Amino acid sequence: MQNKGVITLFAVVFALACLYELSFTFVARSVQSDAQEFAGGDVAKENRYLDSMSNLEVYPGLGYTYREVKNREMNLGLDLKGGMNVILEVSVKDVIKGIANDSRDPLMAQALDNTDKAQASTQGAYVESFFTELDKLNQATGAPRPYSDPTLFGTPEMSDVLGFNATDDAIKDKIRGDVDAAVINVFTVLRARIDQFGVIQPNIQRLENSGRILIELPGVKDPTRVQKLLQSTAELQFWRLYEGSEVFGFLIQTNEKLRSIVERPAYLDSNSTASAVEDEAMPEDVSVIEEDSAVAATEIENVEDSALADNEVANDSTLQEQQFNPLFEVFAPYIDQNNNPLPGPRVGYAAIKDTHKINEYLRMPQVRALLPPTMRYAKFLWTHKPEKDSDILFLIAVQGNRDNKPDLDGGVVVNARKDIDEFNRPVVSMTMNGVGAQKWQKLTAEAAQQDPKRSVGVVLDNYVYSYPQVQGEISGGRTQISGQFTTEEADDLANILRAGKLDAPAKIIQADVVGPSLGQEAINASFSSFMIALLLVLVYMIFYYNQAGMVADFALITNMFFIFGILDAMGAVLTLPGMAGIVLTIGMAVDANVLIFERIREELSQGKGLRAALKDGYKNSYSAIVDANVTTLLTGVILYWFGTGPIRGFATTLIIGILTSLFCAIFISRLIFEWRLKGDKEVSFYTSITKNWWSKVNLDFLGKRKMAYIISAVLIVVSLGSLLTKGLNLGVDFQGGRSYQVRFDQPVSVSDIAASLGDQFVDENGNKFTPIVKTLGEPNQVIITTNYRINETGAETEEVITMQLYEGLKGYFETPIDSKSFLTDTESGTGLIATRVVGPTIADDIKVAAIWAIVLSLIVVFLYIMIRFRKWQFSLGAVAALTHDVIIVLGAFSLLNGVLPFQLEIDQAFIAAILTVIGYSLNDTVVVFDRIREYYAHYHAKRPLFDIFNGAINQTLSRTFNTSVTTFFVMLIIFLFGGEVIRGFMFALLLGIIVGTYSSIFIASSVTFDSLKDKETDKE
């Protein structure tokens, strides 16, 4: 062996580097163990202990603090640690509208609408689709306008940069740059917000060329809070406000106008004179607060009896006409018991569920026309959160303007912090720059000089946070935002304002939430399956190869050490599929050793000495090892390229595992053998039991190929028939929707749960969305899948749906559970323990990416084998076998769905399994092909092609058996002990190993043989 010194030095340095990287994980775990021992099961006490250790040195000799050590420990994925994974999509549409200064040109509006529709069926960038649609519409007019036209993108800002007569191409390039800059700015702002949120080891990545941002936040326990933090654009504005009394007359006219617009409810035409809608009243325990500049408060208690059904409001109409008050059925004016408007900016109030309908009423052109000229630009906004112990929001009237520009915006804020006011309430204190201070002083002075003194609204993302009545001019550029904040809400708002606003809205299009108890269960299951699988392989290798098996075991353990060390050094995230990838690597790492050992045994059987057999065995096995692993590596790279999140984690560990397996099998084991031979020590490659296994096997595989063709044809026909008739159980990854994993404290009926949730999931039109409910493992655990409100996103939407979920499920717990415990994954592990949300747009993207991944894998494999084996017939045989394997695995998932006691769902993990099956089957096939190539080169002139093929298959049968058996049992152990979450994934791999082994022997070789031209000269 050449360059032993260099290889030895590299191996030692590599091992030390891995040990250094992993040492941070060991130290962090040690500190956490001390914290657990100190706390004695008290989680709050444990967290306080760890917080106190943050800035203390915990790594002796190197001086690292606990915070620094924690940031460098191995990253566990959300499925192993608990937390949240989201993909946000920046609204490029809003960026384009902003670049055009919100142009109202019909051509622009139509182009944007067409682009929205086109994006549903294309994976191209939004901005490029927009250019295509705008150019198409522009040409259709017969007199196309240049992009520099003032009605399109000829804004003063664009002209200042490019000039008045800029070409369309120049403007397009500028728009592309602005869109890209907006996405980068959103990425930067989100990173700043996450850093201030205090999450340890967050991961935020920009997904290139997509306008999407991936964010992973381990350990997050309040997903709703995080969603609000991420999606808030932080568009802070200060507006002058109208008095409620100025708007009261408009409300009366609106109600009258709506009577002629809104369809009269049928129940009002009945003979009953009783009102069909109960009067709404302000809850008695809700205090109405007026705020001055010092945030002083005066309470007006027990405001009762709104004008919702007040007969005086209805003028002289009949009794039944008085009952038909479209606006006041859902909205209560802010008035006293004598129907006089109360002082202050509050216009009225309504239940949260009715605010959408009220907004629609107030946006109607017929209603807007009722506004007096002085109020023609008025805006109506709701307060940001319900009043205490109620579900009502107040409506505030804002003094808008033609340009819809606020008197002051958040761009002037230079600092923001959480504070406490004189009433011991959390508030947010802000400091403005010089320009902002002057504008704020002028704004407050004008408000204080009016009679009555006016209020100023503090608006964030179109919600009114506070509306103090200004008592006097405020100078110095300092002010406060108050709004019944909790301490956390005040912290979040201050963080958002410090980080800055988003240049464009960003909505969550995919979200995964895993509770900490489920993450711990996954760790336990993964660790158990990992150790059992590793032990099984170690024992089997010693049983079959004796002392050589011990060398292989050492190389295998070293391989595991290298894999974890590299993952840690790269900062890669170890996910549950990633753990499966590592365990799969255990099985595949054996293959390289098996190939080498089998060749050495062949050389020994020919009478060669141990040293010569060792040298020739390594030399003759290199070709098969390289070809087999390169093809698997290529499928891993494709999987990494097209996958995201956990699937990319699987691909990462698979790629690293293949590379380290090659190094350990080829070099580490060789170094050990060389060391033993140098010391004149014997090395045995078999035991007395396994010495003659497979040595005299001579089966007629090709002779049975017609029978194999018939069996495969039947399986393929059945599979295709099931796929065409029954179809596949597509998960939310491929069709969009929401998936919830819920664990109860007693067995439950899935049909009862589906019916109960169907009563909760009802849209505005009364359509019921009954979800699909399936048992997951134990009868007290279910997976709930629904497409209810799938086109709606945002923290508020998710909050409403999860509360509906809770209402539909709370009756199925033996021990009553409150909403907070249900949503935050209690220590007992019951409640909502995992959620997944995938929007329809990204679902289409995932589907297309999956198809491309499989097709591209087959193409790459075809080309690689054709280049390496120099005959297209080998490529044809390999691709035929792979296609055969994919169809049968898909068919099995279709046929057996609903039959087996676990989910057979088609999701991203399944695509990873299919690509792994392709890689494994290909590995098997290439090993056989390599021996056929070798035999063909040596015996083509002496033996019939039929005998060459049969001989090669028989000669590699020992390797095929050993690799397939070890890999199969490794997968079986994970399938049995790895947990419910990856059971379907592991079933696909198990099935793939069986089918792949069969196809590499009976299909790939047979198709290749039948397609070779000189086969006709052979006699079977």
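**Figure 1. Side-chain contacts of Gln781 in the predicted model.** The side chain of Gln781 makes a polar contact of 2.8 Å with the side chain of Arg743. The model is predicted. A polar contact of 3.1 Å links the side chains of Gln781 and Gln741. Gln781 sits in strand E24, residues 781–786. Its relative accessible area is 7%, so Gln781 is buried. Leaving out residues up to four places away in sequence, Gln781 touches Gln741, Val742, Arg743, Lys774, Thr775, Leu776 and Ile833.

**Figure 2. Glu598, a buried acid without a salt bridge.** Glu598 belongs to helix H19, residues 576–605. Arg601 is the nearest side chain of opposite charge, at 4.2 Å. A salt bridge needs a side-chain nitrogen of Lys or Arg within 4 Å of a carboxyl oxygen. The side chain of Glu598 does make a polar contact of 2.7 Å with the side chain of Tyr545. Setting aside neighbours within four places in sequence, Glu598 is in contact with Tyr544, Tyr545, Ser958, Arg959 and Asn962.

**Figure 3. The salt bridge between Arg959 and Asp591.** The closest N and O atoms of Arg959 and Asp591 are 2.6 Å apart. Arg959 lies in helix H31 (residues 957–977) and Asp591 in helix H19, so the pair ties together parts 368 residues apart in sequence. Arg959 is buried at 3% relative accessibility. Asp591 is buried too, at 2%. Arg959 is also one of the contacts of Glu598.

**Figure 4. Further salt bridges.** The whole structure holds 31 salt bridges. Side chains of opposite charge can pair when their charged atoms come close. Glu674 and Arg670 pair at 3.3 Å, N to O. Both residues lie in helix H21 (residues 646–678), four residues apart, about one turn of the helix. Both Glu674 and Arg670 are buried. Asp759 and Lys768 form another salt bridge, with their closest N and O atoms 3.0 Å apart. A network of salt bridges links Arg599, Glu602, Arg931 and Glu934.

**Figure 5. Two nonpolar cores.** The largest nonpolar core has 132 residues. Within this core, Phe597, Phe673, Phe685, Ile865 and Phe985 touch the most other members. Helix H29 (residues 908–939) supplies the largest share of the core, 17 residues. Another core, of 44 residues, lies apart from it. Its members include Val95, Ile175, Ile204 and Ile215. In soluble globular proteins, nonpolar side chains tend to be buried together.

**Figure 6. Cys18 and Cys664, two cysteines without a bond between them.** The sulfur of Cys18 has its closest cysteine sulfur in Cys664, 9.7 Å away, which is too far for a bond. For Cys664, the closest cysteine sulfur is that of Cys18, again at 9.7 Å. A disulfide needs a pair of sulfur atoms within 2.5 Å. The count of disulfides is zero. Cys18 is buried at 3% relative accessibility, and Cys664 is buried at 1%.

**Figure 7. Two asparagines with positive phi.** Most residues other than glycine have a negative phi, and most peptide bonds are trans. Asn339 has a positive phi of about 65°. Asn339 sits in the loop between strand E10 (332–333) and strand E11 (346–351). Asn424 also has a positive phi of about 65°. Asn424 is placed in the loop between strand E15 (413–420) and strand E16 (426–432). Buried or exposed? Asn339 is buried, with a relative accessible area of 12%, whereas Asn424 is exposed, at 63%.

**Figure 8. A cis peptide bond between Asp451 and Pro452.** The omega angle of this bond is about 0°. Pro452 lies in the loop between helix H15 (434–449) and strand E17 (456–460).

**Figure 9. The whole chain as context.** The protein chain has 32 helices and 25 strands. Of its 1020 residues, 53% are buried. Among contacts with a separation of 6 or more, 74% join residues 24 or more positions apart.

How values were computed: Residues numbered from 1 in each chain as written. Predicted model: local features only at pLDDT ≥ 70, side-chain atom pairs only at ≥ 80, totals over all residues. Heavy atoms only, no water. Helix = DSSP H or I, 4+ residues; strand = E, 2+ residues; numbered from the N terminus. Buried < 20%, exposed > 50% of the residue type's maximum accessible area, 1.4 Å probe, protein only. Core = buried A, V, L, I, M, F, W, Y, C linked by side-chain atoms within 4.5 Å. Lys, Arg positive; Asp, Glu negative; His and termini not counted. Polar contact = N/O pair within 3.5 Å; in protein donor to acceptor, adjacent residues only side chain to side chain. Contact = heavy atoms within 4.5 Å.
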